[in-house]
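Grab a pencil and open the viewer. Below are some exercises, each with a worked solution to follow step by step.

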Amino acid sequence: MITKTMRGLAVAALTALPLLVPLPSAHAVDVTADAPVSLVSAPGVVRAPLPLSAAVARMPVAVEQREGYKRDLYKHWNKGLKATDGCDTRREVILSEAVEAPQISAGCKLTGGSWTSLYDGATVTDAGGLDVDHMVPLAELHDSGGYAWDADRREAYANDQGSPLTLIAVTAKSNRSKSDKDPAQWLPPAEDYRCQYAAEWTATKLRWGLAADEAERDALLALAGDCPTTTVVYEPVP
């Protein structure tokens, strides 16, 4: 069975959907002249497109703070969106990103199926060959503001399925290559994914109110210069 993945829909959104931004108190909308604007149900919010360069500029610049980081401060994987189905967050993400859906047996054991690893363009036909990566790695998250979070918010990020961009199923090899590096230190081997990667990285940082260091910001702005048609879509977490 061929399925549309959540990430696939989000990829389309990077060029087709607008950005959620707060509506100023005067209800003026600060968007580009040709940007479509449509009101949404959430009060005080409008939809408007945001170019990658403008999105990057929204991130505050701050020196990273690694002190106190431990991976187990960020509880993952929890029981997922449906606590009774036996599939934790990791497996739910893998299922949502399948190009061809696997069979699911007791204990959420996955058999068959296929996936495309966007980091390196590889086709994967065994779920065991996949890692679920945090778009912004946990150590980088901690450095960029997570050090000040409480346990509930840390767990919420580590298992975030409220956005299809926060978590991504990729080959273990590409995930290990990335490790906890930011875009100034690592970019996906698949060059045709780099614009999208920069947009997803930026959207995730904006969603969670995270900062960027100077080298990271400069790298993202350089990518934005190479990706003039790439836009960013995100919804901030309260």
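## Exercise 1: Who sits around Tyr-119?

Task: list the residues that Tyr-119 touches, leaving out those up to four places away in sequence.

Solution. Step one: go through the contacts, which are Asp-133, Met-135, Ile-168, Val-170, Ser-174, Lys-178, Trp-186, Pro-188, Pro-189, Ala-190, Tyr-193 and Tyr-197. Keep in mind as you click around that this is a predicted model.

Step two: check how well Tyr-119 is covered. Its relative accessible area is 0%. The cut-off for buried is under 20%, so Tyr-119 is buried.

## Exercise 2: The largest nonpolar core

Task: find which members of the largest nonpolar core touch the most other members, and which elements build the core.

Solution. Step one: among the 35 residues of this core, Tyr-119 and Leu-141 are the ones that touch the most other members.

Step two: look for elements that give two or more residues. These are α2 (52–58), α4 (138–143), α5 (151–158), β9 (167–171), α7 (194–207) and α8 (214–226).

Step three: pick out the top contributor. That's α7, with six residues.

Step four: look for another core. There is a second, separate one of 13 residues, and its members include Cys-108, Val-132, Leu-167 and Ala-169.

## Exercise 3: Rings that meet

Task: work out how the rings of Tyr-119 and Tyr-197 are arranged, and what parts of the chain they tie together.

Solution. Step one: start with the whole structure, where a search turns up 10 aromatic pairs.

Step two: take the pair Tyr-119 and Tyr-197. The ring centres are 5.7 Å apart and the planes make an angle of 85 degrees. Planes over 60 degrees apart count as edge-to-face, so that is the label for this pair.

Step three: place both residues. Tyr-119 is in the loop between β6 (115–117) and β7 (122–124), while Tyr-197 is in helix α7, so the pair ties together parts 78 residues apart in sequence. Tyr-197 has 0% relative accessibility, so it counts as buried.

Step four: try Trp-149 and Trp-208. Their ring centres are 5.6 Å apart with the planes at 40 degrees, so this pair is tilted. Trp-149 belongs to the loop between α4 and α5, and Trp-208 to the loop between α7 and α8, so parts 59 residues apart in sequence are tied together. Both of these Trp residues are buried.

Step five: follow the ring pairs to find a cluster. They link Tyr-119, Trp-186, Tyr-193, Tyr-197 and Trp-201.

## Exercise 4: The second largest pocket

Task: describe the lining of the second largest pocket.

Solution. Step one: the pocket's volume is about 220 Å³.

Step two: it has 14 lining residues, and Arg-71, Asp-133, Pro-137, Asn-175 and Ser-179 lie nearest its centre. Asp-133 is also one of the residues that Tyr-119 touches.

Step three: see where the lining comes from. At least two residues each are supplied by β8 (130–134), α4 and α6 (172–178). The largest share, three residues, is from β8.

Step four: sort by class. You get six nonpolar, four polar and four charged residues.

## Exercise 5: Odd backbone spots

Task: find out what is unusual about the backbone at Cys-108, at Ser-179 and between His-76 and Trp-77.

Solution. Step one: recall the general rule. Most residues other than glycine have a negative phi, and most peptide bonds are trans.

Step two: check Cys-108, a non-glycine residue with a positive phi, near 60 degrees. You'll find Cys-108 in the loop between β4 (103–105) and β5 (109–111). Its relative accessibility is 2%, so Cys-108 counts as buried.

Step three: check Ser-179, which isn't a glycine yet has a positive phi of about 55 degrees. Ser-179 lies in the loop between α6 and α7, and at 38% relative accessible area it is partly exposed.

Step four: turn to His-76 and Trp-77. The peptide bond joining them is cis, with omega about -5 degrees. Trp-77 is in the loop between α2 and α3 (89–96).

## Exercise 6: Zooming out

Task: how many helices and strands are there in the protein?

Solution. Step one: count eight helices and nine strands.

Step two: add the burial figure. Of the 238 residues, 45% count as buried.

How values were computed:
Residues numbered from 1 in each chain as written. Predicted model: local features only at pLDDT ≥ 70, side-chain atom pairs only at ≥ 80, totals over all residues. Heavy atoms only, no water. Core = buried A, V, L, I, M, F, W, Y, C linked by side-chain atoms within 4.5 Å. Buried < 20%, exposed > 50% of the residue type's maximum accessible area, 1.4 Å probe, protein only. Helix = DSSP H or I, 4+ residues; strand = E, 2+ residues; numbered from the N terminus. Contact = heavy atoms within 4.5 Å. 1 Å grid on protein atoms, 1.4 Å probe; cavity = no way out; pocket = protein on both sides within 12 Å on 5 of 7 lines; lining within 4 Å. Points joined across faces, edges and corners; volume = space filled by probe spheres on them. Nonpolar A, V, L, I, M, F, W, Y, C, P; charged D, E, K, R; others polar. Phe/Tyr/Trp six-rings, centres within 6.5 Å; stacked < 30°, edge-to-face > 60°.
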